[in-house]
Amino acid sequence: MADMDTALKEIMEIDGCIGVALVDHTSGMALGTLGGGKELDLTVAAAGNTDVVRAKLRAMEMLNLSEKIEDILITLDSQYHMIRPLTSRSGKGLFLYVALRRDRSNLAMARHRLRSIENDLDV
């Protein structure tokens, strides 16, 4: 089992990773961040993407969908932004937010690696 700091470091090793945050979608607070910088304020991104997660959960509830969100992908001109709600009992209410450079990342490999890291994460 990997702790939060180890998991964030492993995610930053994904090709093209700009930054990562572990976020509580109840409060919008980032519990941990790595990367980011001038081009990406991870604290602001955490709060903003909390609204995305809440909106999707609300829409699923209105549609009576009982499935779980595997991930949410937002594609920008030069970046991918991935939101991955944690599925473990200890991770309930948390999600991983990852920003990737489109020109340097392989989306399928990034999703695969993120799933693997999430499975080993103990929060």
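## A tour from helix α1 inward

Start at helix α1. Its buried residues pack against four elements: β1 (17-24), β2 (30-35), β5 (94-101) and α3 (107-120). Keep in mind that this is a predicted model.

**Stop 1: the buried side of α1.** Select residues 4-12, which form helix α1. Which residues of α1 are buried? They are A7, L8 and I11. Show their side chains. They lie on the same side of α1, because they cover an arc of only 100 degrees around the axis. The helix geometry helps here. An α-helix has 3.6 residues a turn, so residues three or four places apart point the same way.

**Stop 2: the largest nonpolar core.** Stay with I11 and add L96, V98 and L100. In the largest nonpolar core, which has 18 residues, these four touch the most other members. Which elements give two or more residues to this core? They are α1, β1, β4 (79-85), β5 and α3. Strand β5 provides the largest share, with four residues.

**Stop 3: L96 and its surroundings.** Now centre on L96. Leave out its neighbours within four places in sequence. L96 then contacts L8 and I11, the two you met on α1, along with V20, A21, L22, M82, I83, R84, L86 and L114.

**Stop 4: the second core.** Colour A21, V23, L42 and Y97 next. They are among the 15 residues of a second, separate core.

**Stop 5: S105 in its loop.** Move to the loop between β5 and α3, where S105 lies. Is S105 buried or exposed? It counts as buried, because its relative accessibility is 14%, and the cut-off for buried is under 20%. Draw a distance from its side chain to the backbone oxygen of R101: the gap is 2.7 Å. Leaving aside neighbours within four places in sequence, S105 also contacts D15, G16, Y80 and L100. You saw L100 in the largest core.

**Stop 6: zoom out.** Switch to a cartoon of the protein chain. Count three helices and five strands. From the N terminus, their order is α-β-β-α-β-β-β-α. The radius of gyration is 14 Å, close to the 14 Å that the globule rule gives for 123 residues, so the chain is as compact as a globular protein of that length. Its C-alpha trace spans about 40 × 35 × 25 Å along the principal axes.

**Stop 7: the surface.** Finish with a surface view. The accessible surface comes to about 7200 Å², and carbon and sulfur atoms hold 49% of it. Buried residues make up 41% of the 123 residues.

Technical notes: Residues numbered from 1 in each chain as written. Predicted model: local features only at pLDDT ≥ 70, side-chain atom pairs only at ≥ 80, totals over all residues. Heavy atoms only, no water. Buried < 20%, exposed > 50% of the residue type's maximum accessible area, 1.4 Å probe, protein only. Arc of directions from axis to C-beta. Contact = heavy atoms within 4.5 Å. Polar contact = N/O pair within 3.5 Å; in protein donor to acceptor, adjacent residues only side chain to side chain. Rg over C-alpha atoms; globule rule 2.2 N^0.38 Å. Areas by Shrake-Rupley, 256 points an atom, 1.4 Å probe, with all protein chains shown as cover. Core = buried A, V, L, I, M, F, W, Y, C linked by side-chain atoms within 4.5 Å.
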